[in-house]
Amino acid sequence: MTHTMLKGSNVPLEATAVRAVLRWAPSSDVPDVDASALLLGADGRVRSDEDFVFFNQPRHPSGKVWRLGKKRLAEGLTDTIQADLAGLDQAVVKILIVASAEDVPFEHVRSLRISLYDAAQGGDNPYAVFDVKPETGNETALICGELYRRKEGWKFRAVGEGYLNGLVGLATDFGISVDESENKAESPAPARPAPVPAPAPPVAPPDPGPAAPGPQPAYGYPHQRQDPTPATQPAYGYPQPASPGPAYGYPQPAPAAPPVQPAPAPDPHFKLPPQGPQFIGR
């Protein structure tokens, strides 16, 4: 008889080995779901990282808990965990059956169900089924159910509790050591200070080159000075040329007059000639 379970309910198990099958409805917008198992001690935590059975560690070192892998069936996709309850170490008191969806919220996963089978007896009819429904839909990992010791036997409880930080957060919560190198991409390294550039050498101003020639005078007209210093004022009436020679076709300028020599001193022995009668006063 198949037990249809509600969240929080439990059923005793008579099987010595069980298969826990996770099933969901596939679709183009539905993420892939992975089944995992955590073997817990009396303190509710794993004894070591080897007590974590998942896609990167599909078999427990004891050989009593392992993943069977995924299958595509008519009713959906499945991923399966199998456990040999009779052969487990007595220190293991609980096995969590976990579903994770690659950090995609479970609101996108439809028709998620866990079915429990008697692996020793075989058969296609499950012993118990539980339709797992997340509480908020934002969970990225779910504890679907748990196998736990009760006196001399085992029981199965329907759990349906979720985690928002995925399989890593769930596993860490139960004592798994997560390799820090896997989270390096999540914690960017501090920025290195930028090197201080060396001062640039002084740059000499560019050579302007020879000055562009000024406007040329009209043909036959004397050239004007290009020197910004004011030239000597020309003689009255016409500008004097600045260059030594006049332009072609113009008369040469007259040479400068020689300096005036001072008059000689009067001769002290000089006498006027005798005056004639016309100069005698009347």
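Helices (H or I, at least four residues) and strands (E, at least two) are DSSP runs, numbered from the N terminus. The structure described here is a predicted model, in which local features need pLDDT of at least 70 and side-chain atom pairs count only at pLDDT 80 or more, while totals for chains, interfaces and linings use all residues. Residues are numbered from 1 along each chain as its sequence is written, and side-chain values use heavy atoms, with hydrogens and water left out.

## Overall fold

The protein has 1 helix and 12 strands, and along the sequence these follow the pattern β-β-β-β-β-β-β-β-β-β-β-β-α. Of its 282 residues, 30% count as buried, where buried means under 20% relative accessible area, exposed over 50% and partly exposed in between, with a 1.4 Å probe and protein chains only. Contact means heavy atoms within 4.5 Å; among contacts between residues at least 6 apart in sequence, 66% join residues at least 24 apart.

## Strand pairing

Strands of a sheet pair through backbone hydrogen bonds, either parallel or antiparallel. Here two strands are taken to pair if DSSP finds at least two bridges between them. An open sheet of 6 strands has the order β2-β12-β11-β8-β4-β5, with antiparallel pairing; its edge strands are β2 (10-13) and β5 (52-53), each of which pairs on one side only. The table sets out three strand pairs, each with one pair of bridge partners.

| Strand pair | Sense | Bridges | One pair of bridge partners |
|---|---|---|---|
| β3 (residues 17-25) and β7 (residues 76-84) | antiparallel | 8 bridges | Ala17 and Asp84 |
| β3 and β9 (residues 110-118) | antiparallel | 7 bridges | Arg23 and Arg113 |
| β8 and β11 (residues 141-150) | antiparallel | 7 bridges | Ala99 and Leu142 |

Strand β3 thus has β7 as a partner and also pairs with β9.

## Ser100 and the helix

Ser100 is found in strand β8 (residues 94-100), and with a relative accessible area of 4% this residue is buried. Leaving aside neighbours within four places in sequence, Ser100 is in contact with Asp32, Val33, Asp34, Phe106, Thr140, Ala141 and Leu167. One of these contacts, Leu167, is also among the buried residues of helix α1 (residues 166-173), which are Gly166, Leu167, Gly169, Leu170 and Ala171. An α-helix has 3.6 residues a turn, so residues three or four places apart point the same way. What covers the buried residues of α1 includes β4 (34-40), β5, β8, β11 and β12 (153-163). The helix is followed by Gly175, whose phi is positive, near 100°.

## Two acidic residues in loops

Glu139 lies in the loop between β10 (128-131) and β11. Lys and Arg count as positive and Asp and Glu as negative, with His and the chain ends not counted, and a salt bridge is a side-chain nitrogen of Lys or Arg within 4 Å of a carboxyl oxygen of Asp or Glu. Glu139 is buried yet has no salt bridge, and the nearest side chain of opposite charge, that of Lys7, is 7.3 Å away. The side chain of Glu139 does, however, reach the backbone nitrogen of Gly137 at 2.8 Å. Not counting residues up to four places away in sequence, Glu139 touches Val104, Pro105, Phe106, Pro134, Gly162, Tyr163 and Leu164.

Asp43, by contrast, is found in the loop between β4 and β5 and counts as exposed at 60% relative accessibility. The side chain of Asp43 reaches the backbone nitrogen of Arg45 at 3.1 Å. Asp43 and Val93 are 50 residues apart in sequence and 9.3 Å apart in space, C-alpha to C-alpha.

## The aromatic cluster

Rings of Phe, Tyr and Trp (its six-membered ring) pair if their centres lie within 6.5 Å, and planes under 30 degrees apart count as stacked, over 60 as edge-to-face and the rest as tilted. By this rule the count comes to 2 aromatic pairs. Phe52 and Phe54 form a stacked pair, at 4.3 Å centre to centre with 10° between the planes. The rings of Phe54 and Phe55 have their centres 5.3 Å apart and their planes at 70°, so this pair is edge-to-face. Together, Phe52, Phe54 and Phe55 form one aromatic cluster. Phe52 and Phe54 are both buried, Phe54 having a relative accessibility of 16%, whereas Phe55 is partly exposed, with a relative accessible area of 40%.

Terms used
A polar contact is a pair of N or O atoms within 3.5 Å; within protein, one must be able to donate a hydrogen and the other to accept it, and residues adjacent in sequence count only if both atoms are side-chain atoms.
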